[in-house]
Amino acid sequence: MKLQRMNRRALALGALAVTGALALTACGSDETGGGNGGDASATAQAGNIECGDAKGQLQASGSSAQKNAIDAWVKQYTAACKDVQINYNPTGSGAGITAFTQGQTAFAGSDSALKPDEVEASKKVCTDGQGIDLPMVGGPIAVGFNVPGVDTLTLDASTLAKIFDNKITKWNDPAIAKLNDGVELPDLKIQAFHRSDESGTTDNFTKYLKAAAPREWSYEPGKSWEAEGGQSAQGSSGVAQQVKQTNGAISYFELSYAADGIKTVDIKTEATEPVKATIENATAAIGAAKVVGTGKDLALELDYTPTAEGAYPIVLVTYEIVCDKGNKADTLPATKSFLNYVASEDGQAQLADAGYAPMPTEIITKVRETIAGLS
């Protein structure tokens, strides 16, 4: 186990050095946390965190997909900065953005970039500024399944679309059997679970279905689930728990939620071999993203139909959403201090241990520059 964790950390540090294929020229002008004691000067192992004038409580909410990453960051940060308490509520991306635009939180976590109407709403709380997207966390959206007697399963976009649209209802359906030669599939009803709350994970998953299987998936991508049928649960932890306890279940969630014994689907793409949901394979796909935000906004455009070997197609990037200008004076020092740590080399190196992928070098460098200019 110790060796495994060392390998994970090595992977994270290695990924930080990977430049990927991100094109910064695409830019235009364009439930945790209490502080622990400790001397900040003696916290080199916690990432050489600079607390500065940070103090008080920092309220944040949003993406449940990044909760395990936030937990890891908060543990390290509050060990160094004993005067700060960070309370992150994993309410889902939609609720997190709403809370931010209503001035209830210092920052929000979202697996989808801000939409134009959300940017407009943010101007009411960001004095002389607006909300911006800072990509901090990457990773695969795993498709978890619970089919007794089946340990490995391969599906493609077309089959997934039909499963989640209630068009394929049995695990031994010919379309599934064709992709899983030699696997004994049971005559068992498929129990498909989706998110009941507005979710950036849902947004990214349905963007994948729309991009990779447009004929089979007729719904527009979005944070809210549009297809009929299926069952629902709250948050990533909710749908993961349903998969774990329900025979015949299938759902989608960030990879770290599959750590507790849930098997995940290998995805058939245009590459030669099906692709497993791993940090390395997600990093390969995220490396092909493009920055499409303007100004200080660093929203990314992901490629949901990669053809490269080992590029996992169902990925998400979680953004920390904050005001570029007009942040509240009482929370600005803590916000900048915490986000500086999150975006630092040490902060990003925490991600692999928590089951996530760090941002490629070009992107995280731009994120650090943007955080330094927050006011």
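Just after helix α5, asparagine 166 takes a positive phi of about 65°. That's a handy place to start walking through this predicted model, and the helix right before it deserves a look too. Helix α5 covers residues 157-164 and is mostly covered, with seven of its eight residues buried. Those buried residues are Ala157, Ser158, Thr159, Leu160, Ala161, Ile163 and Phe164.

Now hop over to strand β13, residues 315-323. Here nine of the nine residues are buried. If you look at how the side chains alternate, Val315, Val317, Tyr319, Ile321 and Cys323 point one way, while Leu316, Thr318, Glu320 and Val322 point the other way. Both sets are buried, Glu320 included.

So who sits beside β13? One partner is strand β4, which pairs with β13 in the antiparallel sense over nine bridges. To find your place in that pairing, look for valine 137, which stands opposite threonine 318 in β13. Another partner is strand β3, residues 107-110, joined to β13 by three bridges and also running antiparallel. Here alanine 108 is a good marker, with isoleucine 321 as its bridge partner in β13.

Stay with β13 a moment longer, since cysteine 323 takes part in a disulfide with cysteine 126, S to S 1.9 Å. In general terms, a disulfide is a covalent bond between the sulfur atoms of two cysteines. For cysteine 126 and cysteine 323, the torsion about the S-S bond is about -70°, so this disulfide is left-handed. Cysteine 126 lies in the loop between α4 (116-122) and β4 (131-146), and cysteine 323 in β13, so the pair ties together parts that are 197 residues apart in sequence. Are these two cysteines buried or exposed? Cysteine 126 has a relative accessible area of 0%, so it is buried. Cysteine 323 comes in at 5% relative accessibility and also counts as buried, because the cut-off for buried is under 20%.

How many disulfides turn up when the whole structure is searched? The search finds two. The other one links cysteine 51 and cysteine 81, with their sulfur atoms 2.0 Å apart. Its S-S torsion is about -95°, so this disulfide is left-handed. Cysteine 51 sits in the loop between α1 (2-17) and β1 (56-62), and cysteine 81 in the loop between α2 (67-80) and β2 (84-89), so the bond ties together parts that are 30 residues apart in sequence. Both cysteine 51 and cysteine 81 are buried. Count the bonded cysteines along the chain and you get the pattern 1-2, 3-4.

Helix α2 also holds lysine 75, and here you meet a residue on the outside. At 59% relative accessibility, lysine 75 counts as exposed, because the cut-off for exposed is over 50%. As for its surroundings, the C-alpha atoms of lysine 75 and isoleucine 86 are separated by 9.6 Å, and these two residues are eleven residues apart along the chain.

Next, take a look at strand β6, residues 191-195. Four of its five residues are buried, so β6 is largely enclosed by the rest of the structure. This strand has parallel pairings to explore. With strand β7 (residues 231-233), β6 pairs in the parallel sense over three bridges, and phenylalanine 193 stands opposite glutamine 231 in β7. With strand β8 (residues 249-254), two bridges make the join, and the strands run parallel. There, alanine 192 stands opposite isoleucine 250. What do β6, helix α7 (residues 200-212) and β7 make together? They make a right-handed β-α-β unit.

Finally, there's some empty space to visit. The largest cavity has a volume of about 100 Å³. Its lining brings back a familiar name, Cys323, along with Phe100, Gly103, Thr105, Ala106, Val125, Gly326, Asn327, Lys328, Thr331, Leu332 and Thr335. Sorted by class, the lining has five nonpolar, six polar and one charged residues. So cysteine 323 is a good spot to end on, because this residue is buried at 5% relative accessibility, is joined to cysteine 126 by a disulfide and helps line the largest cavity.

How values were computed:
Residues numbered from 1 in each chain as written. Predicted model: local features only at pLDDT ≥ 70, side-chain atom pairs only at ≥ 80, totals over all residues. Heavy atoms only, no water. 1 Å grid on protein atoms, 1.4 Å probe; cavity = no way out; pocket = protein on both sides within 12 Å on 5 of 7 lines; lining within 4 Å. Points joined across faces, edges and corners; volume = space filled by probe spheres on them. Nonpolar A, V, L, I, M, F, W, Y, C, P; charged D, E, K, R; others polar. Buried < 20%, exposed > 50% of the residue type's maximum accessible area, 1.4 Å probe, protein only. Pairing = 2+ DSSP bridges. Right-handed = clockwise from strand over helix to strand, strands pointing away. Disulfide = S-S within 2.5 Å.
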